[in-house]
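Here's a quick tour of one chain, from its overall build down to a single sheet. Have the structure open and follow along.

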Amino acid sequence: MTGSLRFLGASGTVTGSKYLVEAGGKRLLIDAGMFQGERRWREENWRDPQLDLEHIDAVLITHAHIDHTGILPRYVAQGLTCPVYATSATVEMSQLLLLDAARLQEEEASYRLESGKSRHKPPLPLYREKDAQAALRLFRPVPLGKAVDLFPRVSATWRRTGHILGAASIELVVEGRRLTFSGDVGRYGVPIMRDPEPVDFGDLLLIESTYGDKLHSTESASDKLAQVINDTAKRGGLVLVPSFAVGRTQLLLYQLRDLKQRRKIPDIPVIIDSPMARDATTIYSQFPDEYDEEALGLLKRGEQPFMTTKLRFIQDRQESIQLNSIHQPMVLIAGSGMLSGGRILHHLKHRLPDPKNTLLFVGYQPKGGRGDWIKKGNQSATILGDEIPIRAQIDEISGLSAHADRQELLRWCRESTSKPGKVYVVHGEPGPASSFRDLLIKDRGWDVELAGYQKEVLF
Ligand SMILES: [Zn+2]
């Protein structure tokens, strides 16, 4: 045995990804994710990590999603000073996401101060914008596909997983032992992103299992999008899409451009009402190395993959509110994707009462949330303090997930030419995680266990 690995998150749940590796006299943190969702997990963000943060030697990040990076600013405020290694696109994307996460933390704390709803007196943010800025100064870009020497006898290789721009698995070689961290695995054969790259597994594999028990819908997202837009435009209505800024918005723009070019939908305005989606789209445009053949082909022909006709990005809030007076067919994409806040709320308030319009879901809606309530067919919803009648059509495109499903995860495992020594299933709720563990045992004959929160294993 050479070293140890401790599961500090994404064990029994899908958020809070972080693992401490200790070997060869070095202490490395792989991902530094924030817990999200259920309260009992969110409370873990506040716990003293007992990590001796001053003596962590390096942080290695798989991708920019907050459940993989979002606790970094807090760790930096508590003493972490080491370099944070990530692919160039992840470094750029983290600028956007970590600063946004800090602002949300601060806003929430001041809301709790005003409303008196807090267990902390006075209510505190998990971290502030200045902490996120300090964390971002520690980021160091690494190339994809090349071993990076971090220390003597410690190297790491990032390989594309196609999940979001910059997302990668990490193969860590320390003191001659080889550890693979899958990060979040993306889809095969989807627009824009290349397929997940295979990895030769070594002594230890940590694999995600978000959809370890599920197969994604096989319906064509593009056909469904066209059908919803055409039906709504015929009624003279508007298609309102609550969308996630990173990944989903760019995918929609890509498909809208394609549908318009093929004359499958009318040339109606496409409006992006989210500064973060606008910035994420700019970052997506800056990394063509990440694109698949089809998207690269567009660039070669002088076309912009995310640029469609009559596309408009909305800047300030005032301009956003002015959209309420426009009554003509258009596609309006606004954040937040889960209807938990942001500009989508005032659009819902104005557009839901009109049966000509369509509210089109393109992403996961948590149980008990506002999106779930609307999808269930309720007649009204409370939005920004008012009871709003729901008369608009409600529809959904279900095949747009950025996560591999059960079969795609298995494909990624099968494409590896070597059998891993020991496998731990991480980043899944208990049901999907154990279902995927059983599949790996049955299909691959691997030595697989579920990761246990705060448990330590040797390698
Ligand atoms: Zn992710």
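Among contacts in the chain between residues at least 6 apart in sequence, what percentage join residues at least 24 apart?

## Overall build

That figure comes out at 73%. Keep in mind that we're looking at a predicted model here.

As for secondary structure, you'll find 14 helices and 22 strands in the chain. Its radius of gyration is 22 Å, close to the 23 Å that the globule rule gives for 459 residues, so the chain is as compact as a globular protein of that length. Along the principal axes, the C-alpha atoms fill a box of roughly 65 × 55 × 40 Å. Of the 459 residues, 46% are buried.

## A six-stranded sheet

Now for the sheet. It's an open one with six strands, paired in parallel, and the order reads E14-E13-E15-E12-E16-E19. The edges belong to E14 (311-313) and E19 (393-396); each of these strands has a single partner, so one side of each is left without a neighbour in the sheet. Going from one strand to the next, the twist averages 20°.

## Zooming in on E13 and E15

Take the pair E13 (residues 270-273) and E15 (residues 331-334): the two strands run parallel and are joined by four bridges. If you want a spot to click on, try Ile 271, whose bridge partner in E15 is Leu 332.

There's a helix to go with this part of the sheet, too. H7 (residues 248-261) lies across E12 (239-242), E13 and E15. Relative to E15, helix H7 runs at about 165°.

How values were computed
Residues are numbered from 1 along each chain as its sequence is written. This is a predicted model: local features need pLDDT of at least 70, side-chain atom pairs count only at pLDDT 80 or more; totals for chains, interfaces and linings use all residues. The radius of gyration is taken over C-alpha atoms; the globule rule is 2.2 Å times the number of residues to the power 0.38. A residue is buried if 20 or more other C-beta atoms lie within 10 Å of its own, exposed if 12 or fewer, and partly exposed in between; C-beta atoms are placed from the backbone. Two residues are in contact if their C-beta atoms, placed from the backbone, lie within 7 Å. Two strands pair if DSSP finds at least two bridges between them. Axes are lines fitted to C-alpha atoms, for helices over the stretch in contact, and angles run from 0 to 180 degrees between N-to-C directions.
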